[in-house]
Number of protein chains: 2
Amino acid sequence: MEAALDEYLPFWKQLSSAQQRVLQAQVVKRLVKAGTVVHNGSMDCVGLVLVISGRLRAYILSDEGREITLYRLINRDMCLFSASCIMNGIEFDIIVEAEEETEFFNIPAAGYKEIMQESAAVSNYTNQLMATRFSDVVWLLDQILHKKLDSRLAAFLVEESELEDSLNLRITHERIAQHLGNAREVITRLLNYFCDEGLIGLSRGEISIIEPKRLIERASGSLRQGV
Amino acid sequence: MEAALDEYLPFWKQLSSAQQRVLQAQVVKRLVKAGTVVHNGSMDCVGLVLVISGRLRAYILSDEGREITLYRLINRDMCLFSASCIMNGIEFDIIVEAEEETEFFNIPAAGYKEIMQESAAVSNYTNQLMATRFSDVVWLLDQILHKKLDSRLAAFLVEESELEDSLNLRITHERIAQHLGNAREVITRLLNYFCDEGLIGLSRGEISIIEPKRLIERASGSLRQGV
């Protein structure tokens with residue numbers, strides 16, 4: 001069944017028919033391969049991205065080239081910051097990358113901006129979306145400042161396992177380090193420690209979760225429901 | 001001269017006269033002493049806070065009781081999260097405290113919400129405000145992850161000196177540690193190190209900046225203009 005834009009935008013019915021036509025005329029459906037950079041900081045202004053299927057990751061990059069994942073976007077999530085050029089006040093660069101093959105609606109920035117400036121419903125929806133992402137980032141900040149890295153790593157593995165719906169994760173230590181904003185060596189050391197404790201198994205390019213319950217305990221206080 | 005609400009709200013002229021009357025009827029002017037907690041997380045829903053004079057600090061508190069300053073609010077800044085009860089999607093608790101004697105307008109949450117839901121101008125303004133605070137927090141996250149504590153401490157002292165317009169800061173090590181989300185011992189060690197290097201002088205309850213230029217260099221990359 002073809003995904004239709006009106007089902008994906010909660011404010012659709014509050015738009016005038018002229019506004020609906022503008023959005024319908026401008027929206028583009030795109031399918032990208034895993035690894036594709038959908039949006040690259042302030043160099044781009046891709047516009048709104050509305051996930052139909054697959055998974056996107058939004059992250060920031062430090063001057064030294066280290067990454068930190070801010071949040072992930074899955075089915076029906078909307079990425080606001082790929083349209084950061086139309087949001088006054090946004091001063092950071094976010095990179096949005098497809099973690100797997102991803103299909104999404106793309107609403108060009110200019111069209112969305114026009115409607116947002118006219119419609120309180122669209123603007124309030126945008127607000128709510130930003131508040132949710134803001135909460136994600138404040139949560140992350142709290143994690144980084146106040147939780148130990150072992151809990152964060154355990155929480156990451158549990159989350160990853162839920163996202164992939166599998167106990168066997170094909171992910172490199174380098175990649176996990178990027179997610180958590182740490183050095184690869186530190187992550188490898190901790191993974192080896194979890195392995196010694198029997199929580200996980202390690203083989204080339206794969207991490208197997210052996211004791212999910214104990215891993216969740218380990219993550220306790222650090223694990224948040226959902227992405 | 002009496003501060004008037006219309007000069008403080010950039011969207012004032014875009015309101016209907018009915019909306020202007022609602023805000024005028026509801027707004028309260030408050031004067032609080034240094035140390036007053038103006039808003040305390042989800043227990044409160046104080047509403048919008050619009051600073052006339054003085055300084056407020058917005059921070060989060062971890063389970064273990066450690067603080068981290070998210071941002072400060074000075075003249076004409078508006079605090080959104082003291083009205084977090086009306087923002088769908090906000091899932092964190094912010095505490096707002098007066099750092100010095102502070103006078104502010106307080107617009108009750110319900111009144112603001114009503115107008116925000118009707119007016120795209122108000123909603124877009126709220127959006128922009130949230131985007132600015134979001135940028136502050138992402139910047140902080142980047143600092144914490146990617147800058148060394150010595151740069152962050154130097155940046156903090158420079159910022160504090162600008163805010164106070166003085167090279168002599170009356171602030172305890174404990175307080176700095178709370179701002180930066182670190183242990184007091186770590187901060188004291190670093191301050192002693194700065195002192196040994198001749199950047200600052202330390203005396204009871206006071207930190208004197210001796211070499212502002214070198215302190216700014218130390219903060220380089222870590223120092224952001226403004227608050």
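**Interface, fold and local detail of a predicted two-chain model**

In this predicted model, 38 residues of chain A are in contact with 38 residues of chain B. Two residues count as in contact if their C-beta atoms, placed from the backbone, lie within 7 Å. Two helices of chain A, α3 (109-118) and α4 (120-146), each supply at least two residues of the side that touches chain B. The most comes from α4(A), with 20 residues. Helices (H or I, at least four residues) and strands (E, at least two) are DSSP runs, numbered from the N terminus. By residue class, the side of chain A that touches chain B divides into 17 nonpolar, 15 polar and 6 charged. Here Ala, Val, Leu, Ile, Met, Phe, Trp, Tyr, Cys and Pro count as nonpolar, Asp, Glu, Lys and Arg as charged, and the others, Gly among them, as polar.

The copies meet through the same surface, because 100% of the interface residues of chain A are also interface residues in chain B. Chain A is superposed on chain B by a rotation of 180 degrees with 0.0 Å of shift along its axis, at an RMSD of 0.1 Å. That is the relation of a two-fold axis. In chain A, the C-alpha nearest the axis belongs to A120(A), 1.9 Å from it. The superposition is by least squares on the C-alpha atoms of residues with pLDDT of at least 70 in both copies.

Residues are numbered from 1 along each chain as its sequence is written, and chains are lettered from A and ligands numbered from 1 in the order in which they are written. Local features need pLDDT of at least 70, side-chain atom pairs count only at pLDDT 80 or more, and totals for chains, interfaces and linings use all residues.

Confidence was examined next. The model scores ipTM 0.71 and pTM 0.73. The pLDDT is the predictor's confidence in each residue, from 0 to 100. Its mean over chain A is 86, and 93% of the residues of chain A reach 70 or more. Among the elements of chain A, strand β1 (residues 28-32) has the highest mean pLDDT, 96, and β5(A) the lowest, 83. Over residues 221-227 of chain A the pLDDT is below 50. Beyond near neighbours in sequence, this stretch has 18 contacts in the model.

Chain A has 8 helices and 11 strands. Its C-alpha atoms fill a box of roughly 65 × 40 × 30 Å, taken along the principal axes. The radius of gyration of chain A is 19 Å, which agrees with the value near 17 Å for a compact globule of 227 residues. This radius is taken over C-alpha atoms, and the globule rule is 2.2 Å times the number of residues to the power 0.38. Of the 227 residues of chain A, 38% count as buried. A residue is buried if 20 or more other C-beta atoms lie within 10 Å of its own, exposed if 12 or fewer, and partly exposed in between, with C-beta atoms placed from the backbone. Among contacts in chain A between residues at least 6 apart in sequence, 69% join residues at least 24 apart.

Chain A is assigned domain 1 (5-144) and domain 2 (147-218). These bounds come from an automatic or database domain assignment. The domain centres, taken over C-alpha atoms, are separated by 28 Å. The contact takes 6 residues from domain 1 of chain A and 6 residues from domain 2 of chain A. On the domain 1 side, the largest share, 3 residues, comes from β5(A). That side divides into 1 nonpolar, 2 polar and 3 charged residues.

Strand β5 (67-73) of chain A also helps to cover helix α6 (residues 173-180). The buried residues of α6(A) are I176(A), Q178(A), H179(A) and L180(A). Their cover also includes α5 (149-164) and α7 (184-196) of chain A. G181(A) follows α6(A), and its phi is positive, near 70 degrees.

In chain B, strand β7 (residues 95-98) holds A98(B) and E97(B). A98(B) is buried, with 22 other C-beta atoms within 10 Å. E97(B) counts as buried because it has 20 C-beta neighbours inside 10 Å. Leaving aside neighbours within four places in sequence, the contacts of A98(B) include V32(B), K33(B), A34(B) and G54(B). On the same basis, E97(B) is in contact with G35(B), T36(B), V37(B), V38(B), L56(B) and R57(B).
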